[in-house]
Amino acid sequence: MKNYDVVIIGAGAAGLTAAATATARGRRVAVLDMGDAPARKVQASGGGRCNFTNMAATRDRYFGANPDFVRGALARVTPADILQWAQGHGLEWQEKSAGQFFCKSGAGPVVGALLQDAAGARIITGCTVTGATYQSNRFIIKSNIGDFSADSLVIATGGMSFATLGVSDIGYKIAKSFGHKIIPIRPALCAIDTPAFPREWAGISVGAQITVKERKITGDMLFTHFGIGGPAVYSASIVPSDCDIKINLMPGIDVNDWLRQAKRSAGRKALSTVLGEHLPNQIAKYFGGPARNIADFRDSELSDVAARITDITLHAGTWHHHGMAAAEVTFGGVDTADISSKTMESKIQPGLFFAGEVMDITGDLGGFNLHWAWASGHVAGDNA
């Protein structure tokens with residue numbers, strides 16, 4: 001049996017960060033990963049460009065049964081800290097949109113920096129963990145290549161999304177075996193299946209405002225052959241499917257007022273032509289109907305057209321998350337009610353820690369989930 005101070009299950013962003021932090025404290029660390037290479041999801045993040053942090057990484061951009069859980073870790077590891085870390089490793093970044101940082105050279109250098117920091121740990125790939133127990137004040141971790149023993153055990157196995165990169169529910173199983181509750185998991189940051197839009201629109205992108213619960217999300221929306229996708233939809237998909245989704249295809253415009261003005265100033269133009277000033281032609285023709293001058297529409301008819309464009313409702317039960325295989329993250333996971341937000345240690349089993357996506361914490365689209373991995377991994381590694 002191989003003995004360590006700390007065993008970490010999962011060599012992703014959270015696991016490697018925990019390993020780097022723990023080895024810096026002089027701990028003997030082993031990181032066990034089922035895949036053939038560490039940090040596979042980091043490598044694929046941001047379309048391979050690695051959106052590694054966001055200056056807006058605050059409590060209101062995280063979701064779960066208890067989003068307040070993130071406050072302590074976010075206070076200890078800030079976006080400025082991550083930028084300083086990146087600079088220390090010679091990583092160059094670009095700000096794609098306000099506060100959203102991507103690595104200029106892609107994800108590869110980020111993975112390299114993680115592995116450099118965790119060089120003091122033994123990283124073992126191709127190691128499939130099958131379970132863990134606690135005996136004589138030590139954790140016994142069972143795997144396909146033998147047993148490991150440790151004073152502390154960190155579960156950093158991630159979620160069930162990105163199945164093609166290799167995923168496992170062993171983190172949930174181990175947590176449950178020690179008495180932790182698992183919040184049911186589902187896809188998040190994913191496309192949405194809905195029959196609400198013509199399939200002929202597949203491939204067309206529009207700027208839209210999507211309202212889910214109290215959140216208003218403005219960004220690009222892509223029509224697909226099965227429904228809708230794109231950044232705005234991905235962000236909206238954090239909500240469960242028992243919620244209504246409202247969509248405005250012409251945000252920032254009082255469409256009703258604009259159409260009435262166009263009726264007076266450009267009455268000989270077809271309604272679809274007028275709508276084409278702000279909507280793709282195919283969509284403009286759909287809402288504009290048969291060729292008919294806008295002057296020939298009653299004001300009440302124009303109001304109806306405006307409502308059809310700006311107040312589209314996908315009612316609960318008529319839409320579904322597209323699926324875990326295509327989702328960027330997993331919503332749900334180990335209930336944070338029984339985890340210390342100050343240390344990431346289990347309140348049920350001393351010495352058991354959690355980091356990253358395996359917990360019931362989901363960040364918004366735009367680097368928030370990687371930031372949570374860095375922050376929670378650092379806190380776990382600092383206490384394990």
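Is Lys246 buried, partly exposed or exposed, and what is its relative accessible area? In the predicted model examined here, Lys246 is partly exposed, with a relative accessible area of 37%. The partner of Lys246 in a salt bridge is Asp311, and the closest N and O atoms of the two side chains are 4.0 Å apart. Because Asp311 belongs to the loop between α11 (299–310) and β17 (312–314) whereas Lys246 belongs to strand β16 (residues 245–248), this pair ties together parts that are 65 residues apart in sequence. Asp311 is likewise classed as partly exposed, its relative accessible area being 47%.

The chain as a whole contains twelve helices and 21 strands, and its C-alpha atoms fill a box of roughly 85 × 40 × 35 Å along the principal axes. Of the 384 residues in the chain, 53% are buried. Among the contacts with a separation of 6 or more, 71% are accounted for by residues that stand 24 or more positions apart.

Strand β16, which carries Lys246, is also part of an open sheet of seven strands, in which the order is β17-β16-β13-β14-β15-β12-β18 and the pairing is antiparallel. The edges of this sheet are formed by β17 and β18 (320–321), and because each of these has a single partner strand, one side of each is left without a neighbour in the sheet. In general, the strands of a sheet pair through backbone hydrogen bonds, in either a parallel or an antiparallel manner. Here, β16 and strand β13 (residues 205–212) are paired in the antiparallel sense over four bridges, and Val212 has Ile245 of β16 as its bridge partner.

Salt bridges in the model number 15 in total. One of them joins the side chains of Asp364 and Arg215, with an N to O distance of 3.1 Å. Since Asp364 is placed in the loop between β21 (362–363) and α12, and Arg215 in strand β14 (residues 215–223), the pair ties together parts of the chain that are 149 residues apart in sequence. Asp364 is buried, with a relative accessible area of 3%, which falls under the 20% limit used for this class. A further salt bridge links Asp33 with Arg40, where the closest N and O atoms are 2.8 Å apart. Both partners are buried, the relative accessible area being 7% for Asp33 and 18% for Arg40. The latter value is counted as buried because the class takes in residues under 20% relative accessible area.

The second largest pocket encloses about 340 Å³ of space. Its lining is made up of 14 residues, and those lying nearest the centre of the pocket are Thr17, Thr21, Trp85, Asp117 and His378. At least two residues of this lining are supplied by each of the helices α1 (13–24), α4 (79–88), α5 (107–117) and α12 (368–383), and the greatest contribution is made by α1, which provides five residues. When the lining of the second largest pocket is divided by residue class, eight nonpolar residues are found together with three polar and three charged ones.

Technical notes: Residues numbered from 1 in each chain as written. Predicted model: local features only at pLDDT ≥ 70, side-chain atom pairs only at ≥ 80, totals over all residues. Heavy atoms only, no water. 1 Å grid on protein atoms, 1.4 Å probe; cavity = no way out; pocket = protein on both sides within 12 Å on 5 of 7 lines; lining within 4 Å. Points joined across faces, edges and corners; volume = space filled by probe spheres on them. Nonpolar A, V, L, I, M, F, W, Y, C, P; charged D, E, K, R; others polar. Buried < 20%, exposed > 50% of the residue type's maximum accessible area, 1.4 Å probe, protein only. Pairing = 2+ DSSP bridges. Contact = heavy atoms within 4.5 Å.
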